[in-house]
Amino acid sequence: MTPLVSILIPLYNAQEYIAETIENCLAQSYPNIEIIIIDDGSKDNSLQMAREYAEKHSSIKVYTQENSGAPRARNLAFEKSSGEYIQYLDADDLISANKISSQMAQVELYGKDTIFSSKFSYFTDSIDSANIMHQRCNRSFDSGLEWLIASWSGGGFGVVMGWLTPRHLIEGAGSWDETLKKNQDGEFFSRVLLNAKKIILTEDTMVYYRVAGDSSISSQFNEPAAASTLYSLRLYEKNIEQISDPRLKKALAYNYLEFIESYYPHFPALLSEAEHEIHQLGFNFFTLVTPGKLGSLSKIIGSKNIIKLRYLLQKKRGR
């Protein structure tokens, strides 16, 4: 029998997009899917729109919770789901019509401990104008560990809807951390990916991340969001503490360096904490080379000075 795939959607105030996202799921060429939608206390018409679709399609189930955030909604959606494979999808994002079918077609070839990934792109109004992201981590890997090392070392990042994941790997990794306000998906998938024997990029599939303005949590630039990001990096460290690969420790140090560059010169106490974590891992601003054209100077003047220089140059350009 064709394995069931569960598409899990947290929904909050997305009345502009939820119909398109649901239609996108219904248009999947894979024949055996269920769509689990968790409304997170929406104040607009999102819930009613989702329920109208559920009345017409038996594959759609809609549940509600008090406003508790996307991680809790995803955990509840997982509890309500039955699929052998899990496809996470936010209420404003889209996936190519062949994503699930193309990836499920390769399960027998690569085994049930494999996570499948897709290329991804950003879009605003239409996927016809989407910009494809080219990253070093957008390829296949011999293990989830190798993907994490590549990603954390400046090779790019994954997006939540990019993965198609065997249910048992999620069960082994544990739930989404409901305390995190930012980088919830990075922390969650850092645990899931460590359980994967292979990461396979399906070249013929695409996922689309909607850039919907400054209201999304990922675009928030404030101290609570920064503190949550830093906490997520500490959880990374906890997640890998039993793994002795020195490459992973250095890759983690690069995460702290990226945090400093992302938030400099704001929130100095948090920046100091990140710098302390770099030293605790056995590295410093001269042993970690920043990416980009100025990176080669890192070994001479240190990555911290490169970060300051980049900030000054951006400020001069009016960014």
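These are short notes on one sheet and its helices in a predicted model.

1. **Sheet order.** Five strands make up an open sheet of mixed pairing. Their order is β3-β2-β1-β4-β8. The edge positions belong to β3 (60-64) and β8 (165-166). Each has a single partner strand, so one side of each lacks a neighbour in the sheet.

2. **β1 and β2.** These two strands pair in the parallel sense, over seven bridges. To place the register, start from Val5: its bridge partner in β2 is Ile33.

3. **β1 and β4.** This pairing is parallel too, with four bridges. Val5 serves as a marker again, standing opposite Tyr85 in β4.

4. **β4 and β8.** Here the sense is antiparallel. Strand β4 covers residues 85-88, and two bridges join β4 to β8. Ile86 has Thr165 of β8 as its bridge partner. For Tyr85, the partner in β8 is Pro166. Tyr85 thus has a place in two pairings: opposite Val5 and bridged to Pro166.

5. **Burial of β2.** Is β2 enclosed or open to the outside? Seven of its seven residues are buried, so the strand is largely enclosed by the rest of the structure. Ile33, Ile35, Ile37 and Asp39 point one way. Glu34, Ile36 and Ile38 point the other way. Note that Asp39 and Glu34 are on this buried list. In a regular strand, side chains alternate between the two sheet faces.

6. **Burial of β4.** Both faces of β4 are covered. Tyr85 and Gln87 lie on one side, Ile86 and Tyr88 on the other. These four residues are all buried.

7. **Helix over the sheet.** Helix α3 (residues 70-80) lies across four strands: β1 (5-11), β2 (33-39), β3 and β4. Relative to β1, α3 runs at about 150 degrees.

8. **A helix pair.** Helix α8 (residues 184-194) packs with helix α9 (residues 223-239). Their axes are 9 Å apart, at an angle of about 15 degrees. Angles under 35 degrees count as roughly parallel, so α8 and α9 are roughly parallel to each other. The crossing of α8 past α9 is right-handed.

9. **What makes that contact.** From α8 come Gly186, Glu187, Ser190, Arg191 and Leu194. From α9 come Ser232, Leu235, Tyr236 and Asn239. By class, the contact has three nonpolar, four polar and two charged residues.

How values were computed
Residues are numbered from 1 along each chain as its sequence is written. This is a predicted model: local features need pLDDT of at least 70, side-chain atom pairs count only at pLDDT 80 or more; totals for chains, interfaces and linings use all residues. Side-chain values use heavy atoms; hydrogens and water are left out. Two strands pair if DSSP finds at least two bridges between them. Contact means heavy atoms within 4.5 Å. Axes are lines fitted to C-alpha atoms, for helices over the stretch in contact, and angles run from 0 to 180 degrees between N-to-C directions. Angles under 35 degrees count as roughly parallel, over 145 as roughly antiparallel, 65 to 115 as roughly perpendicular and the rest as oblique. A crossing is left-handed if the near helix is turned anticlockwise from the far one by less than a right angle, and right-handed if clockwise. Ala, Val, Leu, Ile, Met, Phe, Trp, Tyr, Cys and Pro count as nonpolar, Asp, Glu, Lys and Arg as charged, and the others, Gly among them, as polar. Buried means under 20% relative accessible area, exposed over 50%, partly exposed in between (1.4 Å probe, protein chains only).
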